[in-house]
Amino acid sequence: MRSLDDTIVALSTAAGASPRAIVRLSGPRAFAILGSALAEPRPDLAALPSYSALDAPLRLGPGQPAIPATLYVMRGPRSYTRQDTVEVHTLGSAPLLRLVVDSLVQRGARVAEPGEFTRRAFLNGRIDLAQAEAVLALIQATSAAEAGAAARALRGDSSRRIRDLHERLVRLRALVEAAIDFSEHDLEVVAAGDVRAGIEHALAVVAEALGRADTGALPPDGVHVALCGLPNAGKSCLFNALLGRPRAIVTDVAGTTRDAVAEPLVLGGIRFLLHDTAGIRPPAGSSPCAEMGVAPLSDPIDAEAIARVQGLIAGAHIALVVLDASQPLTDAERRLWHGVHAPHKLLLLNKSDLPSAISDPEGSALANSDSTPHSALRALHSPLLRLSALTGAGVPELRSTLVAFVRSGRVEALPSDLVLNARHREALRRAREALGRAVEAMGEGLGEEFVAADLRAAHDALGAITGQVVPDDLLDRIFAQFCIGK
């Protein structure tokens, strides 16, 4: 990490042509450096009140034309970095923006490292580490739910709960250590019952936070949904219908899809990753697919495609098993249903625009015959859905079913207000384990030294979430994920 006394500059908006772009300059010499690049007459930026805005053209070199710009002046400590900061809002021309940044570097600034503005905000006490990570989560959000969760974390509500608990544990540990110092004088600094009550309260708070985290954090790339079935069941057509655009190739020829196709899909503010897979036909001889009862293939390409399908389905959160309802139910389809092993699966009877050859009782019996407790989405009103990928009938109901199922908590549901990443969850687990050890130590009558050591481990783990206890190499890893200019 470079010195906080450097004045840093970077483009803060996305690269590429745009009507307006922002160059941000922050540091002790921000006003002087930018002031030297202003066209005459040059306003005294240091004399302006914080949050001033003024039109002040830039002149980047002798004889060069003035560049129109609007300056937003933020005096430290009332700025994002708590240092003097100026934002230059000007035309979003890539060559022009490079000239602006290069000119300010020549005048004494240096190009900011990835995430350095936010890192300075953290190091200068403007935000804590969890809020800094929320900035990154907000930038990377691809759904309304993710953006809302990141915004709540950035507001600091959850951070305050963690800081309050951290401080309570620090005070409790201080009392326990004081009791150690005064034990030889037979003075009771704190009652053992009060210590145990404080630890158990902290343990309950951490356990509750972990419970929200484990049921509340979406997978980073979305809830994986795999469409699977026999060849020509209409999977690719349904894939396109769910996306609302022709992404996968659809023909009357069975086996069009050989390799899996994946596309993101946002429904109800929840991000899904939808996979279209090859029709399941087992290779000749063996493999788990042989249980599915479809005529085996000797084509090595088909064999590889089916092997990939099985791996993809095994890694999916939800499998949508598509059957052609215009044809009678076969033993192959029954074996297919039982051979699909995913945490959750739903039976879809496709081609409802054609006369049905599979009755509702027959389809329900199949859907309910699986022995896996959570496999058939039994929280739904019906264990199966009828639809037509061709006409779109039933597709809105399928979308609603996926959203309702995720929100029900059966899949990792909405992003948690507290925990946005695995680092936080791991820190909470360490705190829970340390507090559990402290309770056991008291129950076994071990000395206060053991309790104090476990309390220290617990509050250090919590401090790692907000940045009260954090090594520099961890900061480097976190802020390296940011883009330059943030």
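Just past helix α13, glycine 445 takes a positive phi, about 70°. Keep in mind that this is a predicted model, and let's walk back from that glycine into the helix itself. Helix α13 covers residues 422-443, 22 residues in total. From its first C-alpha to its last it reaches 32 Å, close to the 32 Å expected at 1.5 Å a residue. Its buried residues are Arg423, His424, Arg425, Ala427, Leu428, Ala431, Ala434, Leu435, Ala438, Val439 and Ala441. As you read through those positions, it helps to remember that an α-helix has 3.6 residues a turn, so residues three or four places apart point the same way.

Now hop over to α8, another helix with a glycine behind it. Glycine 244 follows α8, and its phi is positive too, near 80°. Helix α8 runs over residues 235-243 and is mostly covered, with eight of its nine residues buried. Those are Lys235, Ser236, Leu238, Phe239, Asn240, Ala241, Leu242 and Leu243. So what sits over them? The cover includes the strands β7 (223-229), β8 (261-267), β9 (270-276), β10 (318-324) and β11 (344-350), along with helix α12 (395-407).

For a close-up of a single buried side chain, try threonine 70, which lies in strand β4 (residues 69-74). Its relative accessible area is 14%, and because buried means under 20%, threonine 70 counts as buried. The side chain of threonine 70 makes a polar contact of 2.8 Å with that of aspartate 55. Leaving out residues up to four places away in sequence, threonine 70 touches Arg20, Leu54, Asp55, Glu87, Val88 and His89. Aspartate 55 therefore turns up both as the polar partner and in the list of contacts.

Next, a couple of residues that are less covered. Leucine 123 belongs to helix α3 (residues 116-123), and its relative accessibility of 39% makes it partly exposed. If you're after a long-range pairing, look at leucine 123 and leucine 4: they are 119 residues apart in sequence, but 9.1 Å apart in space, C-alpha to C-alpha.

Valine 105, in helix α2 (residues 94-106), is also partly exposed, at 31% relative accessibility. On the surface, Val105 joins Val111 and Ile484 in a nonpolar patch. Together, the three have about 220 Å² of accessible area.

Note on methods
Residues are numbered from 1 along each chain as its sequence is written. Side-chain values use heavy atoms; hydrogens and water are left out. Helices (H or I, at least four residues) and strands (E, at least two) are DSSP runs, numbered from the N terminus. The expected span of a helix is 1.5 Å times one less than its number of residues. Buried means under 20% relative accessible area, exposed over 50%, partly exposed in between (1.4 Å probe, protein chains only). Patches are made of residues with over 30% relative accessible area and no salt bridge: like charges are joined within 9 Å, nonpolar side chains (Val, Leu, Ile, Met, Phe, Trp, Tyr) within 5 Å. Accessible areas come from the Shrake-Rupley method with a 1.4 Å probe; for residues, only the protein chains shown count as cover. A salt bridge is a side-chain nitrogen of Lys or Arg within 4 Å of a carboxyl oxygen of Asp or Glu. Contact means heavy atoms within 4.5 Å. A polar contact is a pair of N or O atoms within 3.5 Å; within protein, one must be able to donate a hydrogen and the other to accept it, and residues adjacent in sequence count only if both atoms are side-chain atoms.
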